[in-house]
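This briefing covers the salt bridges of one protein model and the solvent exposure of the residues that form them.

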Amino acid sequence: MLNFTDVTEFILLGLTSRREWQVLLFVIFLLVYVITVVGNICMILLIKVSPQLSSPMYFFLSHLSFVDVWFSSNVTPKMLENLLSETKTISYAGCLVQCFFFIALVHVEVFILAVMAFDRYMAIGDPLLYGSKMSRTVCIRLISFPYVYGFLVSLAATLWTYGLYFCGKIEINHFYCADPPLIKMACAGTFVKEYTMLILAGINFVYSLTVVILSYLFILIAIVRMNSAEGRRKAFSTCGSHLTAVVIFYGTLIFMYLRRPTEESVEQGKMVAVFYTTVIPMLNPMIYSLRNRDVKEAMNKVISRTIL
């Protein structure tokens, strides 16, 4: 029986063992990663330089893009390396670090999405007092909570991962170090880790999702009470992008983490993980730019100024 510290490295089985598929997947995911990093950095810079994007909504959106860059960068480079490498390994320290940042960034993102829902409620439900209630100080406090809480939760969860024992088996049925395959692979210390994972994921996802649902319930009530058709249309358009991001992100995470780790769930979760670690961070800037008139106008102005 080997403690986590007695294991020098793990083997990541990845998405496929077929060489021809590995080369194709490398090209696809490299392209997706480049688009993700460039798209999110462009979104951050656009919000930074555009006066019309100075509202709290875009302040929170810039942090969502920032987290997406790190979320994708925590997983994708190692996955790309292993797709072309004969020895698809990761050191035990690297595995622990990857687990820590993955759990932290997931929690940061779900609570940023909750904060953004609350911000939309404040903007639509009480527009006259929105500027004073959502001051710069309030926004900084609201955005600080996801970072502080997310990294504290991740620290506790990673320490429980450190307590897992392995009986010589060091092959992880995944393309990164994730809790479900590690639990399935371990031969001791899994009880506390498994149930704390389910409890923490359940509490945090339910709590943050409750904030989103309640915010949109009050938003819907406020929209119904509006007399202006143009006001209702604008309210729906500003909420549509955020709701799309919420449904995609929460749906995939709930499918991954609110089930007990089994061979079937780990294999299914590996396919789903591709979506939320690589595709969703790429889609977020597209969702907010293509569905948001203010972002499109700001982008056109920046492009025009650059060309001229």
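K133 has a relative accessible area of 39%, so K133 is partly exposed. The model is predicted, and the structure holds 3 salt bridges. The points below take each pair in turn.

**K133 and D126**
- The side chain of K133 meets that of D126 in a salt bridge, with an N to O distance of 3.2 Å.
- D126 has a relative accessibility of 25% and therefore counts as partly exposed, because the partly exposed class runs between 20% and 50%.
- K133, at 39%, is likewise partly exposed.

**D119 and R120**
- A salt bridge joins the side chains of D119 and R120, at 3.1 Å from N to O.
- D119 counts as buried, because its relative accessibility is 1% and the cut-off for buried is under 20%.
- R120 has a relative accessible area of 8%, so R120 is buried.
- The salt bridge between D119 and R120 thus has a buried residue at the acidic end, D119, and a buried residue at the basic end, R120.

**E81 and K78**
- The side chains of E81 and K78 form a salt bridge with an N to O distance of 3.3 Å.
- Both E81 and K78 belong to helix α2, which covers residues 56–84.
- E81 and K78 are 3 residues apart, about one turn of the helix.
- E81 counts as partly exposed because its relative accessibility is 45%, which is under the 50% that an exposed residue must exceed.

Methods
Residues numbered from 1 in each chain as written. Predicted model: local features only at pLDDT ≥ 70, side-chain atom pairs only at ≥ 80, totals over all residues. Heavy atoms only, no water. Salt bridge = Lys/Arg side-chain N within 4 Å of Asp/Glu carboxyl O. Helix = DSSP H or I, 4+ residues; strand = E, 2+ residues; numbered from the N terminus. Buried < 20%, exposed > 50% of the residue type's maximum accessible area, 1.4 Å probe, protein only.
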